[in-house]
Amino acid sequence: VTRSLRHVSRARSAIFAPLGDQGRAVRVEQRLAEAIRSGLLADGERLPSEPELAAMLGVATVTAREALVSLRAQGLLTTTRGRGGGSFVCRPRHPDEALLGARLAAMSRVELRDRATVYRVILAGCAELAATYAEAPEAAELRDLLLDPDVDDVARWRHADAELYLSLAALTQSARMTREVVRLEADFGVLLRLPLTDPSFRASTGARHRALVEAVAAHEQHAARRAVHDQVDEALALLVERRAALRS
Amino acid sequence: MSMVQVGEGAVRLSVTSTSLEGVADSVTILFEELFAVLESLRERLVARFADGPPAAASVVRLVEPHARELLRRPVVLGGGFVAARDALADRPLYLAWWQGESQQLLGQSEAPVSGDPLDYTRREWFRVPERTGRRHVTGPYVDYVCTDEYVVTSTAPVLVAGRMVGVVGVDTLVETLEETLLPVLGPAGATVVNDHGRVLASADHRLDAGTVLDLTACSKWAQCAALPLRVLLA
């Protein structure tokens, strides 16, 4: 009890801790960037004006402006002038490798592990339920997503991996779960797919994709979970390595 | 004898039969009424495609009034026409499809996460009518590319000179379908499943939509006419 109370009070004091103006701009920027990447702010959506945004977020106009400048530099916003102008959400199509690298480098190792845990538990749960519910035609559709091991186009591997996990989520027969996974994929899945540039990781990913699809087809819940766990474990280990290299 | 009304107001289904055949008739009528609207759209499209591949804008103008007509029905979440690859003059893939409360046009759809153009031609609701040349009912399934909802999709092929130029179709929320069908299923204690045994709606509290039943273990059932649906006692 004591420990959880202490934890709660620590988390609460973090909420109310004073923020320097510089810290605020970063917070505003991170909050908006996450909303854009995860699709909470729709592509092409117009943001409120700088003064409006500043008032909504309770920060100085100059702070809001600073955050917007940074989002523009990251390509997450475009700005047009004149009548009908303003800042518009620009959802990244194929997230730029350099930007993802910068996100990765800025993340603490604890945060990385924290996010990977949420991702792993949710996707492993999806794999288990997909193995419970999927029927032969759906298993066949999953098999259609598998790539030939000789494919060396990294973008295709990333696409196939995302598509496979989204399909698993859909096979839970839960629309809410699926929407949650779409959000997770756009936010954290894109980072976990960074190491697919590595040919040996592509090979082990391909083997696990196959194991996963066959486990789902055979209603083997445990094996399906295992395949997701192993995939996230290896991706996370490679990401931690990559993060260290980026920071050194 | 059973009767289904799928009008502009709330859907009413009145049932005087507890036989599986009677329940199957009610389920069939519910879907047939939707397919009837799709049939008139299909005929118009066949005439349009007869003069060669039309442009997307011209197809949008043709489909829109039919889609709006479909969307007036409470059971309908979305509907319209989805073109086969390269069937239109100016777009390789295109959905003249309206959906949701805002009745928004989908147009060119993108895959979630990657944002790549969405290739829907491998989806069951497209693939099966293409292969069989016949109507199909897909689902229940989570449609994560268009609606983000748990739906049943009814589609019919649009054939021009022996080639499928696309499908006309309609999405129904499983939630709405369940509410509509429960009064019909209740008295008979029946369950509606698709050809794979997946439950669309059931009077049995233990059988949620999406559950799969072993059809070989079930001896008492009635087919819903030519639809890939049947009514059974689980």
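The mean pLDDT of chain A (pLDDT being the predictor's confidence in each residue, from 0 to 100) is 86 in this predicted model, with 89% of its residues scoring at least 70. Among the elements of chain A, the mean pLDDT is lowest, at 48, for helix H1 (residues 2–16) and highest, at 97, for helix H10 (residues 199–217); helices (H or I, at least four residues) and strands (E, at least two) are DSSP runs, numbered from the N terminus. Over residues 1–8 of chain A the pLDDT lies below 50, and this stretch makes 0 contacts (heavy atoms within 4.5 Å) beyond near neighbours in sequence. Local features are reported at pLDDT of at least 70 and side-chain atom pairs at 80 or more, while totals for chains, interfaces and linings use all residues. Residues are numbered from 1 along each chain as its sequence is written, chains are lettered from A and ligands numbered from 1 in the order in which they are written, and side-chain values use heavy atoms, without hydrogens and water.

In chain B, 4 strands form an open sheet in the order S10-S9-S12-S11, with antiparallel pairing, two strands being paired if DSSP finds at least two bridges between them. Strands S10 (199–202) and S11 (221–223) of chain B are at the edges with a single partner strand each, so one side of each has no neighbour in the sheet. S11(B) is joined to the antiparallel strand S12 (residues 229–232) of chain B by 3 bridges, and B:Gln223 has B:Arg230 in S12(B) as its bridge partner.

Helix H1 (residues 20–49) of chain B lies across S9 (191–194), S10, S11 and S12 of chain B, at about 150° to S12(B), where axes are lines fitted to C-alpha atoms, for helices over the stretch in contact, and angles run from 0 to 180 degrees between N-to-C directions. Helix H4 (residues 174–188) of chain B also packs on the sheet, touching S9 and S10 of chain B, and its direction makes about 45° with that of S10(B).
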